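Here are some notes from a colleague for someone opening this structure for the first time. Have a look at it before reading on.

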Amino acid sequence: MQVIKLTNGQIAYDQRGLAAKEAMWNTINTPRGGQYRVTLPDGTKVWLNAASSLTFPAAFTGNKREVKIDGEVYFEVSPNKEKPFMVNVNGGSSVEVLGTSFNVNAYRDEENINTTLLDGAVAVSLPGAMKQQNNANIQTRVVLKPGQQARMASTITQKSSSGIMIIDADTDKVVAWKNGAFNFKDASLEEVMRQLARWYDLEIVYPQGVPDIKFGGKMSRSVTLASVLRALKDAKINIQLSGERKLLVLP
């Protein structure tokens, strides 16, 4: 097995000569404010957003290719009909890939787990325990078409009775992070602050509750924190930086 550092700072795996019994599992973690791309042993390209993780074998030696994620990850899966690609999300729900490009947002502080398909097809399934709790009228497995998003309650919310809902997705907004931007179209203040907290390593505090504010527009992820704070103040958001990393949001 060779782990190769590419000239652009990414890494790739070369599994030639690796026996099945030698396969090991690796985990890549991105910190807050970090983003990373890796090429898996089968040629699949993976982008990790800030505060995310990807666990994968050094070689896909069985009859399927399985990885595990936490946070937000974008995949461009290398086709292989003989070995389906499976994504285990937060140790619960699963995404079965049928050769495709898709994004999974599964941050544990978000209300929902969202799987958005850009190209190809994926099947999204609830965990087994949740399936047993649902009745026949609740969708527990769906197959997405390009431009659709599968939305299910995050396991941390314990809303398993809601099943899986399919909605039409704004794919530009979903993958803006991968392309180096924030897209705040129709985003609530809480949603915006969660994204800023992950990227700029902030602790967001609402001493008197969360103001009901909607946002719009785009912003590069390369701008400095000072520029972001000025932009929020220009938008009449009452904020106060306490120390280096705690941001107070006031009415």
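The points below go through a helix, its salt bridges, a loop lysine and a hairpin.

1. Before anything else, keep in mind that this is a predicted model.

2. A good place to start is helix α3, residues 189-200. Its 12 residues reach 16 Å from the first C-alpha to the last, close to the 16 Å expected at 1.5 Å a residue. Right after α3 comes aspartate 201, with a positive phi near 55 degrees.

3. Much of the interest in α3 is in what it buries. The buried residues are Leu189, Val192, Met193, Leu196, Ala197, Arg198, Trp199 and Tyr200. What do they pack against? Their partners are β16, β17 (203-205), β18 (218-220), α4 (225-234), β19 and β20.

4. Arginine 198 deserves a closer look. Its relative accessible area is just 6%, so this arginine counts as buried, the cut-off being under 20%. It makes a salt bridge with aspartate 109, with the closest N and O atoms 2.8 Å apart. Since arginine 198 sits in α3 and aspartate 109 in the loop between β10 (101-106) and β11 (112-119), the pair ties together parts that are 89 residues apart in sequence.

5. Arginine 198 also meets glutamate 110 in a salt bridge, again given N to O, at 2.8 Å. Glutamate 110 is in the loop between β10 and β11, so this pair links parts that are 88 residues apart in sequence. Buried or partly exposed: how do the two acids come out? Aspartate 109 is partly exposed at 45% relative accessible area, while glutamate 110 is buried at 13%. Add Arg194, and Asp109, Glu110, Arg194 and Arg198 are linked in a network of salt bridges.

6. The structure holds nine salt bridges. One of them joins lysine 64 to glutamate 66, with 3.7 Å between the closest N and O atoms. Here lysine 64 is partly exposed at 40% relative accessibility, and glutamate 66 is partly exposed too, at 26%.

7. Now find lysine 178, in the loop between α2 (171-174) and β16 (181-183). Leaving aside residues up to four places away in sequence, lysine 178 touches Gln35, Trp47, Tyr74 and Glu76. Tyrosine 74 is 104 residues away along the chain, yet the C-alpha atoms of the two are separated by 7.6 Å.

8. Last, the hairpin. Strands β19 (residues 238-242) and β20 (residues 246-250) run antiparallel, joined by five bridges. Serine 242 stands opposite lysine 246. Three residues lie between the strands, and glycine 243 takes a positive phi near 75 degrees in this hairpin.

Conventions
Residues numbered from 1 in each chain as written. Predicted model: local features only at pLDDT ≥ 70, side-chain atom pairs only at ≥ 80, totals over all residues. Heavy atoms only, no water. Pairing = 2+ DSSP bridges. Helix = DSSP H or I, 4+ residues; strand = E, 2+ residues; numbered from the N terminus. Contact = heavy atoms within 4.5 Å. Expected span 1.5 Å × (residues − 1). Buried < 20%, exposed > 50% of the residue type's maximum accessible area, 1.4 Å probe, protein only. Salt bridge = Lys/Arg side-chain N within 4 Å of Asp/Glu carboxyl O.
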